[in-house]
Structures are given as C-alpha cells and as structure tokens.
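This briefing looks at how a ligand is held by the protein shown below. Please keep the structure in view while reading the points that follow.

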Amino acid sequence: MTLPNDHVEVVSKVITIERHIIEQERATGGATGDFSGLLRDLTLAIKIIYREVSRAGLVDILGSTDLRNIQGEIVQKLDEFANGVIFRAMDHGGHLAVMASEENDEFIPIPEEYPKGKYVLCFDPLDGSSNIDANVSIGTIFSVLRRVTPAETDGTLEDILQPGYKQVAAGYAIYGSSTMLVYTAGHGVYGFTYDPSVGEFLLSHNDIHIPDHKGIYSVNEGNYSKWSPAMQQYIDWVKQEQPEADKKAYSLRYIGSMVADVHRTLLYGGVFLYPADIKSKRGKLRLLYEANPMSFIIEQAGGKATDGRGNRLLDIVPTELHQRTPLVVGSPKNVDEVERFLTTTK
Ligand code: AHG
Ligand code: MN
Ligand code: MN
C-alpha cells in the first residue's frame, strides 16, 4: 500500500468504520451504543451524498434543478439535497436533541414524534459547493456535542452555542479521487476510504499525525489588497527564500474547498488560512460548521488552530448560530509563524 507520507501508520487489517467506532467506544468506556448509532446514521447519509455527488456531471443529461429526474424525484441543488439527506438520516434515531446546519437560518428541532437524544449535531452538508461543476473535491463537515439542557426535552440554541473544546467528535467526508471519511472522537484522528464495491468505509489512515512544519501555504491570495499589512507581510515573507526550506520559497496550494485544503494540510503539512479582511471583518468561515470541527481534527493530529491573534479557536464561546471567525490551521510551526507576523507586525 502506498502511503501519503510517513506520518500515517500502515494498516494491514480490514476494519470498517462501524467496527472501529464500536471498538474505540469500548476502549474508552461508557459504551452505550448511542454514539456509535449516531455515527452509523451519519455514515449512511454520507454514502447517499457520495452517490449523488459522483453523478453530478449527469444532472444535465438526466434533468436539472426543478425538473423531475428519471426516478420521478425533484432534482435539487446538491447542497440542498445533502442538507435534506442528513436531516432525514438523523431526525428519528433518538440520538440527537437538536441539529444546526449551515444551510438553515434557524436551528433544526427534532420532529415532535421522535425521541430526543443526548447529542447535538452541527454540519456543513456540502462544503466547496461552488466547485461541483468543475469536478473538484468537495466535502461534508460535522461536529458532535453533548446536550446541556435536560434529557429527553427539545434541544435549544443553548445546546448548540458551546465552545469547540466541548465537541465529543468531529469529522469530514471528502468526495475526491476517492471518497474518505476522517474523524476524531478525541482519541486521535482516523481516516477511512470508501470501497464502493462493498459499500463500506475501510480504515486506511491509522492515527494521523500532521507534520510539524512544511513549506506550503494555502489561502485565497486574491484578497491580498483587503488584508491587514501584517497579513500582507506574512505572505510576502513566505515568497522569499526560506533558510529552513533549502532556500526555497513556500509553495502555494489553494483548492477553494475547505475540506480539500484542510485534508491536504493534515496529510502533507503546511498552513491553511482564511483571515479577516476589510470587507469581511470576521473572516468568511463559520465557527460551528467549519472552524470548530476542523480545529478539533487538526489539534488531535498534533496541529494548531487559531484566529491568528493568539486565540485558540476551540476556546471561542459562540454567541450566534452562523458566527464567522478568521482561521489559521495546520502544522504547529507554520501556525506559529503566522501568529508571529499577525501579533507583532502593525
Ligand atoms: P461552502 O461551499 O460550504 O459555502 O464553503 C465555501 C468555503 C470553503 O469551502 C472554502 O474554504 C472557502 O469558501 C473558499 O472561499 P473563497 O472562494 O473566498 O476563497
Ligand atoms: Mn463550507
Ligand atoms: Mn456548505
């Protein structure tokens, strides 16, 4: 088996994601099966989204938005479709108290007829959706919290607005040249590759560790003129010959799908940034659906995730459902370099 880098252990056993979750739950105690049930439902939703994403190029042939497809269903935009799939897979299992999605203005209650569980799910159903038509990698991001309101009642906004360090699990699916699911439950980061022939996610990346440092930066540099002078100086600096990197400047890699940019950063190292600028004073990315789950994963892999101003993203106490935050995530030394510029330069 070829490995993306030497930071990932060789996996020689066939382990499905379901088995892995159950075994991890047992090993860490408190195995009620509730949490593994939640992730099983979510994995099913991800398989369904994968099926539609992989047929995206056929939509024009089979019928576009608002037309009926060959099964007689209304063909929806893929992000709306993915949103609906996750809701319908997760609303009735009895694991969740409430949900929140990037695609919904308000939080999503569990329908009256279903039992209310102890967990909370926040998600970005389709990330990088502007890339779909170009067949570029996109993804789904999720974050799981424990409810704080009384058991079995309807979940509220209070359950959702918790700082990221309270997450019990987080993960993403990347629909790329192969489809992968990467997740953490607070005991390391594990990657599973989807085998469509058996319909299972199989453990392929055991206990992922991000490299300490790498000469790669990932940012939408088209925003340069809107950035602070400190941010501009950092970018000017990475383009100079770097004494620690064989006198080479850093390489720029930017896909424009957060899932894909973070996934590469996790495996190859470097830094992914979405800073604030004069137009978007709080950056672009959303704390609950994008920043928190990705920060949890990056930290669990040995990386760092900050707002660039010395504040750990996982410590931010959210006040709004769709709150945005500036974001700097990646290899610990790369994040420190960014911090050095943003906190000391004017
Ligand atoms: P989404 O498709 O969920 O709205 O997210 C898009 C996000 C994220 O995936 C990516 O990192 C960022 O937008 C790219 O933004 P720019 O186009 O401004 O670079
Ligand atoms: Mn997104
Ligand atoms: Mn999205």
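A polar contact is a pair of N or O atoms within 3.5 Å. The model is predicted, and in it an oxygen atom of ligand 1 comes to 2.7 Å from an N or O atom in the side chain of Asp-127.

**Contacts with the ligand**
- Besides Asp-127, the side chain of Asp-124 has an N or O atom at 3.0 Å from an oxygen atom of ligand 1.
- Lys-284 also takes part, with a polar side-chain atom that lies 2.9 Å from an oxygen atom of ligand 1.
- On its own, ligand 1 has 470 Å² of accessible area, and the protein covers 79% of that area.

**Where the ligand sits**
- Ligand 1 occupies the second largest pocket.
- Residues from both domain 1 (5–205) and domain 2 (216–344) belong to the shell around ligand 1, and therefore the ligand lies between these two domains.

**The surrounding shell**
- There are 16 residues around ligand 1, and those that come nearest are Asp-127, Gly-128, Tyr-254, Met-258 and Tyr-274.
- Two elements, β3 (119–127) and β11 (271–274), each give two or more residues to this shell, and the largest share, three residues, comes from β3.
- Sorted by class, the shell around ligand 1 is made up of six nonpolar, five polar and five charged residues.

Definitions and conventions
Residues are numbered from 1 along each chain as its sequence is written. Chains are lettered from A and ligands numbered from 1 in the order in which they are written. This is a predicted model: local features need pLDDT of at least 70, side-chain atom pairs count only at pLDDT 80 or more; totals for chains, interfaces and linings use all residues. Side-chain values use heavy atoms; hydrogens and water are left out. A residue is near a molecule or strand if one of its heavy atoms lies within 4 Å of it. A polar contact is a pair of N or O atoms within 3.5 Å; within protein, one must be able to donate a hydrogen and the other to accept it, and residues adjacent in sequence count only if both atoms are side-chain atoms. Accessible areas come from the Shrake-Rupley method with a 1.4 Å probe; for residues, only the protein chains shown count as cover. On a 1 Å grid over the protein atoms alone, a cavity is a set of points where a 1.4 Å probe fits but cannot get out, and a pocket is an open set with protein on both sides within 12 Å along at least five of seven lines; lining residues have an atom within 4 Å of a point. A molecule sits in a cavity or pocket if more than half of its atoms lie within 2 Å of its grid points. Helices (H or I, at least four residues) and strands (E, at least two) are DSSP runs, numbered from the N terminus. Ala, Val, Leu, Ile, Met, Phe, Trp, Tyr, Cys and Pro count as nonpolar, Asp, Glu, Lys and Arg as charged, and the others, Gly among them, as polar. Domain bounds come from an automatic or database domain assignment.
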